[in-house]
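Here is a short report on the ligand sites of one model. Look over the sequence and the coordinates before reading on.

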Amino acid sequence: MKPVVKISNLKKKFRNKEILNDVNLMIYESQSLAIIGESGSGKSVLTKCISGLLDFDFGNIRYKDIYSLKNSNEKVKNQHISKFGILFQNAALFDSMNIYQNITFGNKKANILKILDAVGLNKDCLDTYPANISAGMQKRVGLARAIVTDPEILILDEPTTGLDPIMSIQINKLLKKLVAKQKLTTITITHDMSSVYEYADKVAFICDGNINWYGDIQDLKKTTNIKLKNFINGKIED
Ligand SMILES: Nc1ncnc2c1ncn2[C@@H]1O[C@H](COP(=O)(O)OP(=O)(O)OP(=O)(O)O)[C@@H](O)[C@H]1O
Ligand SMILES: [Mg+2]
């Protein structure tokens with residue numbers, strides 16, 4: 001497995017609140033990594049740092065052996081950001097743009113029909129607006145926008161949160177197909193353990209600002225790590 005992104009000793013704080021205090025993590029080519037952890041543990045912040053959308057305070061993020069983000073100029077940073085396709089936590093669609101505009105975003109080369117097909121949307125929705133479609137469809141549109149640039153790395157921030165169970169299953173199946181077919185390098189943040197079991201190869205559990213556990217999906221259920229066990233079983237620590 002070839003490493004694509006290497007995160008070392010990453011620290012990030014907001015004002016005086018430390019969110020990430022020493023994150024070390026590798027993202028490997030064609031692998032599907034799930035990042036799990038409690039609400040507020042820093043999952044979204046971490047992936048925003050990884051994709052270059054958010055600056056970090058300490059440590060480094062390396063892309064292959066080609067460059068690192070620390071002290072990099074704007075050009076490198078923008079190049080880095082463009083390697084990622086991101087489905088944001090709340091889909092983050094533009095209300096004033098129709099679905100077509102939301103997906104293509106001025107990307108003239110986009111093969112819109114192929115993209116719609118990949119995410120299970122019908123072309124009839126293209127001239128409607130985000131407010132007029134369901135949450136499940138909004139996620140699909142967000143996903144379509146994330147893959148339209150043919151990204152090297154796909155980040156999915158809570159792809160099934162807020163969806164009903166049936167829609168969640170559909171989205172998980174869709175993602176599984178997408179990840180398997182295109183051999184995409186994927187980072188999925190989720191609360192939903194069924195998504196993790198559905199298509200993750202590796203799992204990283206973030207807790208107290210660190211990666212508290214990292215391993216193969218097969219080893220997740222066998223873990224003796226109490227914090228992780230409690231998290232996956234939905235227990236609250238005493
Ligand atoms: N731009 C910001 N300014 C200040 N604080 C922030 C900012 N972004 C995130 N935070 C804080 O950082 C912490 C981690 O946030 P983050 O969104 O990464 O959590 P999360 O693990 O993704 O949670 P959830 O599962 O609820 O999405 C939270 O306490 C949040 O309030
Ligand atoms: Mg989040």
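In this predicted model, 14 residues surround ligand 1. Lys17, Ser39, Gly40, Lys43 and Gln89 come nearest. By class, the shell around ligand 1 holds 7 polar, 4 charged and 3 nonpolar residues. Strand S2 (17–28) and H1 each contribute at least two residues to this shell. H1 gives the most, with 3 residues.

Polar contacts to oxygen atoms of ligand 1 include these:

| Residue | Part of the residue | Distance to an oxygen atom of ligand 1 |
|---|---|---|
| Glycine 42 | backbone N or O atom | 3.0 Å |
| Lysine 43 | side-chain N or O atom | 2.7 Å |
| Glutamine 89 | side-chain N or O atom | 2.7 Å |

Taken alone, ligand 1 exposes 640 Å². The protein buries 64% of that area.

Ligand 2 is a magnesium ion. Which residues coordinate the magnesium ion? Ser44 does so through OG and Gln89 through OE1, at 2.1 to 2.4 Å. Serine 44 belongs to helix H1 (residues 43–50). Glutamine 89 sits in the loop between strand S6 (84–87) and helix H3 (99–104). The pair therefore ties together parts that are 45 residues apart in sequence.

Are the two coordinating residues buried or exposed? Serine 44 has a relative accessible area of 18% and is buried, because buried means under 20%. Glutamine 89 is partly exposed, at a relative accessible area of 38%.

Glutamine 89 thus appears at both ligands: it coordinates the magnesium ion through OE1, and a side-chain N or O atom of glutamine 89 is 2.7 Å from an oxygen atom of ligand 1.

Methods: Residues are numbered from 1 along each chain as its sequence is written. Chains are lettered from A and ligands numbered from 1 in the order in which they are written. This is a predicted model: local features need pLDDT of at least 70, side-chain atom pairs count only at pLDDT 80 or more; totals for chains, interfaces and linings use all residues. Side-chain values use heavy atoms; hydrogens and water are left out. Donors are N, O and S atoms within 2.8 Å of the metal (3.2 Å for Na, K and Ca); water is not among the atoms, so sites may look incomplete. Helices (H or I, at least four residues) and strands (E, at least two) are DSSP runs, numbered from the N terminus. Buried means under 20% relative accessible area, exposed over 50%, partly exposed in between (1.4 Å probe, protein chains only). A residue is near a molecule or strand if one of its heavy atoms lies within 4 Å of it. A polar contact is a pair of N or O atoms within 3.5 Å; within protein, one must be able to donate a hydrogen and the other to accept it, and residues adjacent in sequence count only if both atoms are side-chain atoms. Accessible areas come from the Shrake-Rupley method with a 1.4 Å probe; for residues, only the protein chains shown count as cover. Ala, Val, Leu, Ile, Met, Phe, Trp, Tyr, Cys and Pro count as nonpolar, Asp, Glu, Lys and Arg as charged, and the others, Gly among them, as polar.
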